[in-house]
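Me: Please take a close look at one part of this structure, the sheet and what packs around it. I should like a single connected account that moves from the strands to their surroundings.

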Amino acid sequence: MKTLLILSALLLSSLNLVAQHHHGKDATLKAEKVSEHSLYHLDAEWVTHRNESISLSQFKGEPVVIVMFYGNCTQVCPILIRDTWRLYSALDKSMRTSVNVLAVSFDTENDTPEVLKKYAEYEQLDIEGWHFVTTKDVDIRSLAMMLGVQYVKKSDGEFAHSNLVTVLDPEGKVAVRVEGLNQPMASAAQSIEEMIKSISIQ
């Protein structure tokens, strides 16, 4: 019930901001305020590009990087995925195995696990720790609201959306947000490394 109340409040806020910021062909929506609650309360099952079923809570105890995108986007999303890779590759190599990356598609109509697998292979990101995932529309919307990511499908089939890379701490709470394209990633990478060091000494 607590999670439902949180999501309801976030939904109302999100719809209000979509009305404020979605104008014409503009493909970028400003990120919304973020939930202070753990995302691990979300109990959705996700399907990866490897056709594996996963839940967010299974990543508890390690930092997680989340980016939301869609596969048919040929302009913004490739940059957003590349930004996520820049963050991941900025980490010390010895620490990368302690981090999972979730690339969550908005597009449930086109981005099947098979399509996401081809996307991951095309981007040369079919690598350990990277998960291109999909699930039901309602669960993708719930995750987006918790992250403060706004998205709306336009009449031409494309999506207007926030450009946001998010880092969750080991408890599933939002710890770092990098909004915009081609942003510096050094600070976010440092935050992740500090999380991993903190975990290792506990």
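**The sheet and its surroundings**

Reply: In this predicted model, strands β4 and β5 run parallel to each other and are joined by four bridges. Within that pairing, V101 has W130 of β5 as its bridge partner. The connection from β4 to β5 passes through helix α3, and the resulting β-α-β crossover is right-handed.

On β5 there is a further pairing, with β1: these two strands are antiparallel and share two bridges. Here V47 is the residue bridged to T134 of β5. V47 also stands opposite S53 in β2, where β1 (residues 46-48) and β2 form an antiparallel pair, again over two bridges.

These pairings belong to an open sheet of seven strands, ordered β2-β1-β5-β4-β3-β8-β9 and mixed in its pairing. Its edges are formed by β2 (53-54) and β9 (174-179), each of which pairs on one side only. Towards the β9 edge, β8 and β9 are antiparallel and are linked by five bridges. In that pair, T166 lies opposite R177 of β9. The hairpin that β8 and β9 form has five residues between its strands, and G172 there adopts a positive phi near 90°.

How many of the five residues of β5 are buried? Five of the five are, so the strand is largely enclosed by the rest of the structure. In a regular strand, side chains alternate between the two faces of the sheet. For β5, the residues on one side are W130, F132 and T134, those on the other are H131 and V133, and all are buried, which leaves both faces of the strand covered.

Two helices that contact β5 can be described next. Helix α2 (residues 76-90) packs on the sheet and touches β3 (64-69), β4 (100-105), β5 (130-134) and β8 (164-168). The direction of α2 makes about 170° with that of β3. Helix α3 (residues 113-122), the helix of the crossover from β4 to β5, lies across β1, β3, β4 and β5. Relative to β5, α3 runs at about 150°.

Aromatic side chains offer a second view of this region. The whole structure contains 11 aromatic pairs. One of them is formed by F69 and Y119, a tilted pair with 5.2 Å from centre to centre and 40° between the planes. This pair links distant parts of the chain, since F69 is in strand β3 and Y119 is in helix α3, 50 residues apart. Burial applies to both F69 and Y119. A second pair is that of Y151 and F159, whose ring centres are 6.3 Å apart and whose planes meet at 50°, so this pair is tilted. Y151 and F159 are likewise buried. F69 and Y119 also belong to one aromatic cluster that includes W85, Y88, W130 and F132. W130 and F132 of this cluster are two of the buried residues on one side of β5.

Helix α4 (residues 137-147) is also mostly covered, with eight of its 11 residues buried. The buried positions are D139, I140, S142, L143, A144, M145, M146 and L147. Why does D139 count as buried? With a cut-off of under 20% relative accessible area, D139 qualifies because its relative accessibility is 17%. Beyond its neighbours within four places in sequence, D139 is in contact with A44 and W46. W46 lies within the residue range of β1, so the contact with W46 connects α4 to that strand by the 4.5 Å heavy-atom criterion. Just after α4, G148 takes a positive phi of about 80°.

As to the whole protein, five helices and nine strands are present. From the N terminus their order is α-β-β-β-α-β-α-β-α-β-β-β-β-α. Of the 202 residues, 50% count as buried. Among contacts between residues at least 6 apart in sequence, 74% join residues at least 24 apart.

Confidence should be read alongside this description. The average pLDDT of the protein is 89, and 87% of the residues score at least 70. Over residues 11-25, however, pLDDT stays under 50, and the model has 14 contacts for that stretch beyond four places in sequence.

Conventions. Residues are numbered from 1 along each chain as its sequence is written. Side-chain values use heavy atoms; hydrogens and water are left out. Two strands pair if DSSP finds at least two bridges between them. Axes are lines fitted to C-alpha atoms, for helices over the stretch in contact, and angles run from 0 to 180 degrees between N-to-C directions. Buried means under 20% relative accessible area, exposed over 50%, partly exposed in between (1.4 Å probe, protein chains only). A crossover is right-handed if, with the strands pointing away from the viewer, the path from the first strand over the helix to the second runs clockwise. pLDDT is the predictor's confidence in each residue, from 0 to 100. Rings of Phe, Tyr and Trp (its six-membered ring) pair if their centres lie within 6.5 Å; planes under 30 degrees apart count as stacked, over 60 as edge-to-face and the rest as tilted.
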